[in-house]
Amino acid sequence: MKIELSDYETSVILRSLVPGDFEALVALQLACFPTMQPWTEDQFKSQLKAWPESQLGIFMDEKLVASAAHLIVEYGDYSNWSDFWQMSDNGYIRNHDPEGDSLYGIEIQVHPEYRGMKLSRRLYDARKSLCRDRNLARMMIGGRIPGYAPRAAEMTAREYVDEVIARRIFDPVLTAQLANGFVLKELIADYLSCDEDSGGYATSLEWNNLDHVSKRSRRTRRAVQPVRVSLVQYLMRPITDFTEFERQCTFFVETASDYKSDFVLFPELFTLQLLSLIGKTRPGTAARRLAEFTPRYLELFNDLAVRYNINVIGGSQFTLEGEDLFNSAYLFRRDGSIASQKKIHVTPSEARWWGIRGGDRVDVFDTDCGTIGILICYDVEFPELARVVADKGARLLFVPYNTNDRYGHQRVRLCAQARCIENHQFVVTAGCVGNLPFVENADVHYAQSAVLTPSDLPFARDGLAIEAEPNLETVLAHDLDLEALRRHKRQGTVQNWNDRRRDLYRVQWKGSDGERDI
């Protein structure tokens, strides 16, 4: 039976709140700040009337679980940023100034049952996007310090804040704000007298928009926001249960999330590690037994992508459709949706040992960081497939692979490097290392994972942005500038894509996703 990916998806939606969300917002405020008064309906309606984007909310499976409120002001119009009621117009924000130069945050909250899922990071990132989109110079916030009250008898508020900054104390609000790039400007007494958890204290913090262009400046430029990618060079070793596999995967996703990566790539068929739970049996039978783990694999990685706020390319895993066995890569987006790409070209050993069948379509996938493509291992050795991916708009190509020796690794690496040059793409590769004794056709692994670039002046020497040490388990992270890639395609030393002689040759794609003449 074919697996329906929708059965494993989680709906995560970030959108502006509307009048009908008022009751849900009040319930959220009471859950987050039970000692404080929530917004009145008049305040909420006034906020939305002043600026429809003044309230942002995150909904998980249609439940409001986090929100942020803010307005735009002119920095020079205010001297006392510590006066919450003045800055927020007593909660009505009728002082919102569409022509202002600063975003002022008046509230951010995450439901207690959903904390630890990077939801505050999503909200701060959305606010930063507002600043960039509207060319605002900065974001100012007055932050609570709700962990202070229990420690007020043993230290002053200043000492408490110093300990939080030094990371010796965790504060549920200030720690998150510092982690999101804010700089402490001032400690404020009597900020909100009703805030018993903070002892009435708060902090004034600022984040500067480095993409801001002064209105007085005649210079214009296109904003550049790097995409941060991580890759996992995964050590294959025998395990005793699925929980052990889950623990290893969680560690790597959490590490990539701590790097604030937008994507993390796992290797092809790193799930073969689960064969150590099945015991010795014929390879063809073992492959089908491994496919029985696919539902748990999908549940695990969908949860990790949402919980750690990162797009996960979960390597690949065997899937059964009827009697046909496929090697499928999965994209787990941080918004809770899932997509898949089957391996098109099956190697002789895959066909002989496992009975794998090749897919018949090449898709690209929209993400919050642009369009991406996924080609599994052997597929990157066929330039026609990368042409299709590039023609469909993907500038970032992920290649999970699994090879048993340096010869196989080099075939993947050299062909992936060529795809960068031919199609003006970045390519991220991730492979397995280590051994699985007594698991046939998957007992030995070799990899040296890397982030590859075109070979030209704007990019890394040798077209190699970063690479792992061979045969060592590790996680790497690197920033890729898609704007530099766009310029290179138009103005590079050579322009392979534009200089194709389509009057002499072309790629004709006839997959189930539609025909293309490239």
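Q: Axes are lines fitted to C-alpha atoms, for helices over the stretch in contact, and angles run from 0 to 180 degrees between N-to-C directions. At roughly what angle do the axes of α7 and helix α9 cross?
A: This is a predicted model, where local features need pLDDT of at least 70 and side-chain atom pairs count only at pLDDT 80 or more, while totals for chains, interfaces and linings use all residues. Residues are numbered from 1 along each chain as its sequence is written, and side-chain values use heavy atoms, with hydrogens and water left out. Helices (H or I, at least four residues) and strands (E, at least two) are DSSP runs, numbered from the N terminus. The axes of α7 and α9 (residues 294-307) come within 11 Å, and their crossing angle is roughly 30°.

Q: How is α7 oriented relative to α9?
A: Start from the crossing angle of roughly 30°. Angles under 35 degrees count as roughly parallel, over 145 as roughly antiparallel, 65 to 115 as roughly perpendicular and the rest as oblique. So α7 and α9 come out as roughly parallel.

Q: Is the crossing of α7 and α9 left-handed or right-handed?
A: Look at how the near helix is turned from the far one: anticlockwise by less than a right angle is left-handed, clockwise is right-handed. By that rule, the α7 and α9 crossing is right-handed.

Q: Which residues of α9 make the contact with α7?
A: Contact means heavy atoms within 4.5 Å. On the α7 side you'll find Phe-242, Phe-245, Glu-246, Cys-249, Thr-250 and Val-253. Their partners in α9 are Arg-296, Tyr-297, Leu-300, Phe-301 and Leu-304.

Q: How are α11 and α12 oriented to each other?
A: The axes of α11 and helix α12 (residues 406-423) come within 10 Å and cross at roughly 45°, and the crossing is right-handed. In this pair, Pro-383, Ala-386, Arg-387 and Ala-390 of α11 meet Arg-419, Glu-422 and Asn-423 of α12. Given the angle, α11 and α12 are therefore oblique.

Q: How many disulfides does the count come to?
A: In general, a disulfide is a covalent bond between the sulfur atoms of two cysteines. Here the test is a pair of cysteine sulfur atoms within 2.5 Å. Cys-415 can't bond because its closest cysteine sulfur, in Cys-377, is 10 Å away, and Cys-420 is likewise too far from its closest, in Cys-415, at 12 Å. The disulfide count is 0.

Q: Is Cys-420 buried or exposed?
A: Buried means under 20% relative accessible area, exposed over 50%, and partly exposed in between (1.4 Å probe, protein chains only). Cys-415, at 21%, counts as partly exposed. Cys-420 has a relative accessible area of 0%, so it is buried.

Q: How many salt bridges does the structure hold?
A: A salt bridge is a side-chain nitrogen of Lys or Arg within 4 Å of a carboxyl oxygen of Asp or Glu. Glu-41 and Lys-45 make one of them, at 3.7 Å, N to O. Both lie in helix α2 (residues 41-50), 4 residues apart, about one turn of the helix. The full tally is 30.

Q: Which residue meets Lys-118 in a salt bridge?
A: The N to O distance for this pair is 3.7 Å, and the partner of Lys-118 is Asp-258. The pair links distant parts of the chain, 140 residues apart, with Lys-118 in the loop between β4 (102-110) and α4 (119-133) and its partner in helix α7 (residues 242-258). Lys-118 is partly exposed at 21%, whereas the partner, at 52%, is exposed. The residue you want is Asp-258.

Q: How many residues apart in sequence are the parts that Asp-391 and Arg-516 tie together?
A: Asp-391 and Arg-516 form a salt bridge at 2.9 Å, N to O. Asp-391 sits in helix α11 (residues 383-391) and Arg-516 in strand β23 (residues 514-517), so the separation of the parts they tie together, in residues, is 125.

Q: Where is His-424 found?
A: Most residues other than glycine have a negative phi, and most peptide bonds are trans. His-424 has a positive phi near 55°, and with a relative accessible area of 2% it is buried. His-424 is found in the loop between α12 and β16 (426-430).
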